[in-house]
Every structure is written in structure tokens, then in C-alpha cells.
Amino acid sequence: TPTAVMVGIGRAAKNGILIKGGDTLEKLASIKNIVFDKTGTLTTGKFIVSEFTAIEGEEKEIQNIIYNIEQHSSHPIAKSLCTAFETGSNHLELSNINEQKGISISAEIGSNIYTIGSSKIYPSAEQHDLFVLKNNTLIATLNIGDELKINTSTIISSLHKSNYTTTLLSGDKKVKCDNLATELGIKATYSEQLPQDKIAKIETLTKTNETAMVGDGINDAPALAKATIGISLGNATQIAIQSADVILLNNEDLNQLPKTMQIGKHTLLTIKQNLFWAFSYNLVAIPIAIMGLLNPMWAALFMAFSDVIVIGNSIRLRYKKIF
């Protein structure tokens, strides 16, 4: 068993997959349901501001305020907003900065309180991704664009063919999540989920089937820790990486995910084969030895031969075609 686990972890590492511990590798074989975060996991996380509307105040001034406030957030959208509004910006003195994960970030500038967040801070019939408030008064709206990672549709399809159930669990808006799920063929979708909602949903899913959670953000970290197996990406936030059991180092696509699952399955298969051989050998050899029909020298030789077979079968995992 230790040899098979060592070879499995080594093969995973060779394919850019870091697995934390042998027990993780064995648990991978039991996974039935794979839950995906949306932003930065299924999509690139490289957002663009597709629409900006200043409702009250100067456009450049509001953009400068957004730039200064969002610098204090690690969310992928925040980084994209900073990139979009960096040109022509100037430093502003901020105080009482407060970020509510998955909802908003706010700060005081002078005597005014500015808040940037989702529809949870400003329920509106209009479909916008972000709202900017000044002292609880709407001053601007933004729409954000994102795109799927390379081959995401193909990878999800391959997981379905391998009999995995897939689920989308995201803090994004329902319309966007539903559209993405339809495009990828994901049947179960849970949108507008806060970190605590994600934990509750993962707990529910793991009671039914062994569940892997794939995510990359701060909001995903608790869910990654709660899932049977937490899977994160190489460019994920530090807390997500620490919470995960598996790290996929290729950030451009999820091609390593099916490989991870296959390595887990074949490692467990190898362990079972080794145990079967060891059990069969002992079942036959021990009674023969007890009856005195087996010379001790030959018994020692056969025992060594048994070990060679087990080790050889484990090493075979390194070279066998599994994907």
C-alpha cells in the first residue's frame, strides 16, 4: 500500500497535480459528485467592465473611488476593476474599510461612506452586476464580463461520461449561473451563495455522496475544507490553497481534474490488487508451511517473491495508461 500511494502521488506530481497525503489519494476514488465554483474556476476570472453607468456625479471621479476601494479586496472582480480604472487614478485617503465576503466592500472618504457590491446591497429590478452607493444613494452601476476557460465544456463532458455528478455552486447571479450551467450541461445549480451557504450545501451533498469541491477564492475556502476532497488551483488565494487537499498547478484550464480522478481510482485499484495477492499467497502458503510440506528456505524465497510482485505491481502504476 505505501508503495502504491507513493507511486500515485509521484505520477500526480509529474502531471502538475499536488496531492496532500496518501489518504487524500484513496478518498479520490470514492468521489461521486464534483462541485464547481464559477468565477476563476470554470471561468478565467479575467473580468472586463462591459458597461459602466454614472448616475450621479462625474464618471472619472467615481471610477477613481472604485479603484481606491477595490485595491483593498482580493476578489478577482476587484482586481479587474483596479486594472480597468487604474489609468488616470490618484490616491485617496480611506478609513473604516469593511469587506463582507461575497456581498460588498465599503470605505469612508472624507465624510462620505462609499459601498460597492452586488444586488444584495441594492435590490433592483435592473440586471446589473455591481452597484456603487454614496451614503446609501445609488451613484453608479457596472456590468462585468467573463469567459470560460479553455476546454471547460469538454472536461465537464468527460466527467459526466465517467459517471460523476456535477454541481455549480456560486455567489454569482442566478441568470449567469443558469446560463453557464446550461452551456456546460451541469444539472444542479446553486447561485447567489454566501460562504456560509456554500458550507451548508457541501454538508448536505456529502451526506448523500462523497463530494469534491473545486474552488479558488477566499469565499470557497470553508467549503473546500468541509468537502470530502477540496481541490484548488495554483493561482488561487493562499487560504484556498491551504484549505484544499489537491492543488492543480495548471491555471489555464481544468484538464488536470479528470487526470486527478483517474490517478485516485487506479491507485486504489492497485492497492486492492496488492492486498488480494498478499492474501491469496498467505492463504495458500501458511497452511502448507504448517503441515511441514514447505522447506523454510523455499518459504523465505516465495515470501520475497511475493514482495517483488506487490512492489512491481505498484511501480506499474507509474507507466500504465490511465488517461
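This tour goes through a sheet, two aromatic pairs and a surface patch, with a selection to make at each stop. Keep in mind throughout that the model is predicted.

**The sheet**

Begin by selecting strands β3 to β8, which form an open sheet of 6 strands in the order β3-β8-β7-β6-β5-β4, with antiparallel pairing. In general, the strands of a sheet pair through backbone hydrogen bonds, and this pairing can be either parallel or antiparallel. To find the borders of this sheet, colour residues 48-54, which are β3, and residues 95-100, which are β4, because these are the edge strands and each of them pairs on one side only. As you turn the view, look at how neighbouring strands lie against each other: on average they are turned by 15°, with direction ignored.

Next, narrow the selection to residues 104-109, which are strand β5, and residues 112-117, which are strand β6; these two run antiparallel and are joined by 6 bridges. For one example of such a contact, pick I105 and look across to β6, where its bridge partner is I116.

**The aromatic pairs**

How many aromatic pairs does the structure hold? There are 2 aromatic pairs to visit, and the tour starts with F52 and F85, whose ring centres are 5.7 Å apart and whose planes stand at 70°, an edge-to-face arrangement. Follow the chain from one ring to the other, and you will see that the pair links distant parts of it, since F52 sits in strand β3 and F85 in helix α5 (residues 76-85), 33 residues apart. Are these rings buried or exposed? F52 has a relative accessible area of 16%, so it counts as buried, and F85, at 7%, is buried as well.

Now select Y122 and F131, whose ring centres are 5.5 Å apart; their planes meet at 40°, so this pair is described as tilted. Show the surface here and compare the two residues, because Y122 has a relative accessibility of 29% and counts as partly exposed, whereas F131 is buried, with a relative accessible area of 1%.

**The surface patch**

For the last stop, keep the surface on and select F279, L283, V284, I288, M291 and L293, which together make a nonpolar surface patch of about 640 Å². Then centre the view on M291, which is found in the loop between α11 (256-290) and α12 (296-319). With a relative accessible area of 56%, M291 is exposed, because the cut-off for that word is over 50%.

Conventions
Residues numbered from 1 in each chain as written. Predicted model: local features only at pLDDT ≥ 70, side-chain atom pairs only at ≥ 80, totals over all residues. Heavy atoms only, no water. Helix = DSSP H or I, 4+ residues; strand = E, 2+ residues; numbered from the N terminus. Axes fitted to C-alpha atoms, helices over the stretch in contact; angles between N-to-C directions. Phe/Tyr/Trp six-rings, centres within 6.5 Å; stacked < 30°, edge-to-face > 60°. Buried < 20%, exposed > 50% of the residue type's maximum accessible area, 1.4 Å probe, protein only. Patch = residues over 30% accessible without salt bridge, like charges linked within 9 Å, V, L, I, M, F, W, Y side chains within 5 Å. Areas by Shrake-Rupley, 256 points an atom, 1.4 Å probe, with all protein chains shown as cover. Salt bridge = Lys/Arg side-chain N within 4 Å of Asp/Glu carboxyl O.
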